[in-house]
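These exercises ask you to read values off a structure and reason from them in steps. Look at the sequence and the model first, then work through each task before reading its solution.

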Amino acid sequence: MAASDDRRTAGTLRAGATAGIPIAIGYVPIAVAYGALSVKSGVPPGQTCLMSMLVFAGASQFMAVSMWAGGAGAAQIVIATFILNLRQLIMSMALATRLRDWRAGERLAASLGITDETFALLSVRFPPGQAPSGRFVAGLMLGAYLSWVLGSAAGALFAAAIPESLGSGLSIALYAMFIVLLVPAVRHAWRAGLTAALAMALSLALHRVLPAGWAIIGATVIAAATNVVWPDGREAVA
Amino acid sequence: MRLLAIILGMSVVTNLPRVLPMTLLGRVRLPAPLERWLAHVPYAVLGALIFPGILGVQPAHPAVGLSGGAAAAVLALVRAPVLVVIAAAIAAAMGMQLWLGG
């Protein structure tokens, strides 16, 4: 991994935004699909966009509008959102160890932009012991946030023109992005691939007995813990 | 009004798990085993999200998600540009969906 290159160029807002282009582009079709689905589920366009602005978490927004359409209660929707997004607690802990030297205000701002994708990109590009600059993180997260919010707005406004089948066909973009983030890390350290493969197997098994949110959390917690008893040899040096 | 309450509630329960560890843990040096655990969280969470979730891209036909994922994995392995990988995954998934008559 070109860690030293990253370090030289990682300082600027533009470098962060550039690194985040695949995320921003990957978000657009998903955001459009969310916006359209939300409006078709009976959520007005204004609230559809407000949810993207205040929640900024794709899977739980899809879940919320389908639950809303199905007549679910407010408490049910909020609790399901909490469970589905609990994994951000773990991601935030992992990121906190990298951004230890940042000021408190900067860490607060950066934490609000944590998603599966921004977190994975930051952790894969900056291995333990390296920290990105605040401007890089801001560029990355603002690009992702804007594409999510603007994509949702476009989907909400043009809901009538968007066919149902398009959404599911395009949601593969999200998984392609996850794969793009995972493959270089695995090529760099095969031990990381083992953790990911174990997480997949655990996730499959746990999905049979638990709701999706808990299955993902359980698989993540257990698979990552194998690095405690069998470390990959890349210790974070102080 | 009820919708607004739901959105605000979702915002609180989504952002608290984001904010709390980053603001509270920032200056604390975690024990080495915990740091090793956290170091592998990204790989684990990506694995857990990809599979079996990718099968549900088109719930009636798991092959749609799998073909898109396979195209993405192969192209990512040969270091294709990210946008090419994403475009190929979409094309493969849509092609499979058409082929299956979806």
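The model is predicted. Asp116(A) has a relative accessible area of 9%, so Asp116(A) is buried.

**Exercise 1. A salt bridge between two helices**

Task: Find which side chain meets that of Asp116(A) in a salt bridge, and state where the two residues lie.

Solution.
Step 1. The partner is Arg87(A), with an N to O distance of 2.7 Å. The cut-off for a salt bridge is 4 Å, and the pair falls within it.
Step 2. Asp116(A) belongs to helix H9 of chain A and Arg87(A) to helix H7 of chain A. The two residues are 29 residues apart, and the pair links distant parts of the chain.
Step 3. Arg87(A) has a relative accessible area of 5%, so Arg87(A) is buried.

**Exercise 2. The other pair**

Task: State how many salt bridges the structure holds over all chains, and classify Glu106(A) and Arg103(A) as buried, partly exposed or exposed.

Solution.
Step 1. Over all chains there are two salt bridges. One of them joins Asp116(A) and Arg87(A). Glu106(A) also forms one, with Arg103(A), and here the closest N and O atoms are 3.7 Å apart.
Step 2. Buried means under 20% relative accessible area and exposed means over 50%. Glu106(A), at 31%, is therefore partly exposed.
Step 3. Arg103(A) has 58%, so Arg103(A) is exposed.

**Exercise 3. Two residues of chain A**

Task: Decide for Thr118(A) and Gly129(A) whether each is buried or exposed, and describe where each is found.

Solution.
Step 1. Thr118(A) lies in helix H9 of chain A. Its relative accessibility is 0%, so Thr118(A) counts as buried.
Step 2. Beyond its neighbours within four places in sequence, Thr118(A) touches several residues, including Ile23(A), Leu140(A) and Ala144(A).
Step 3. Gly129(A) sits in the loop between helix H9 and helix H10 of chain A. Its relative accessibility is 57%, so Gly129(A) counts as exposed.
Step 4. Arg98(A) is 31 residues away from Gly129(A) along the chain, yet their C-alpha atoms are separated by 6.8 Å.

**Exercise 4. The form of chain B**

Task: Describe the elements of chain B and explain why chain B is called more spread out than a compact globule.

Solution.
Step 1. Chain B has five helices and zero strands.
Step 2. The radius of gyration of chain B is 20 Å, whereas the globule rule gives 13 Å for 102 residues; the value is well over the rule, so chain B is more spread out than a compact globule.
Step 3. Along the principal axes, the C-alpha atoms of chain B fill a box of roughly 55 × 45 × 25 Å.
Step 4. Of the 102 residues in chain B, 50% are buried.

**Exercise 5. Where the chains meet**

Task: Describe the contact between chain A and chain B in terms of residues, area and polar pairs.

Solution.
Step 1. Chain A contributes 94 residues and chain B 65 residues.
Step 2. The two chains bury about 7200 Å² between them, with 75% of this on carbon and sulfur atoms. Helix H12 of chain A gives the most to the side of chain A that touches chain B, with 13 residues.
Step 3. There are 19 residue pairs in polar contact between the chains, but zero salt bridges across the interface.
Step 4. In helix H2 of chain B the buried residues include Trp37(B) and Leu38(B). The buried residues of this helix pack against helix H7 and helix H14 of chain A, together with helix H3 of chain B.

How values were computed: Residues numbered from 1 in each chain as written. Chains lettered and ligands numbered in written order. Predicted model: local features only at pLDDT ≥ 70, side-chain atom pairs only at ≥ 80, totals over all residues. Heavy atoms only, no water. Helix = DSSP H or I, 4+ residues; strand = E, 2+ residues; numbered from the N terminus. Rg over C-alpha atoms; globule rule 2.2 N^0.38 Å. Buried < 20%, exposed > 50% of the residue type's maximum accessible area, 1.4 Å probe, protein only. Contact = heavy atoms within 4.5 Å. Buried area = accessible area lost by both parts, 1.4 Å probe. Polar contact = N/O pair within 3.5 Å; in protein donor to acceptor, adjacent residues only side chain to side chain.
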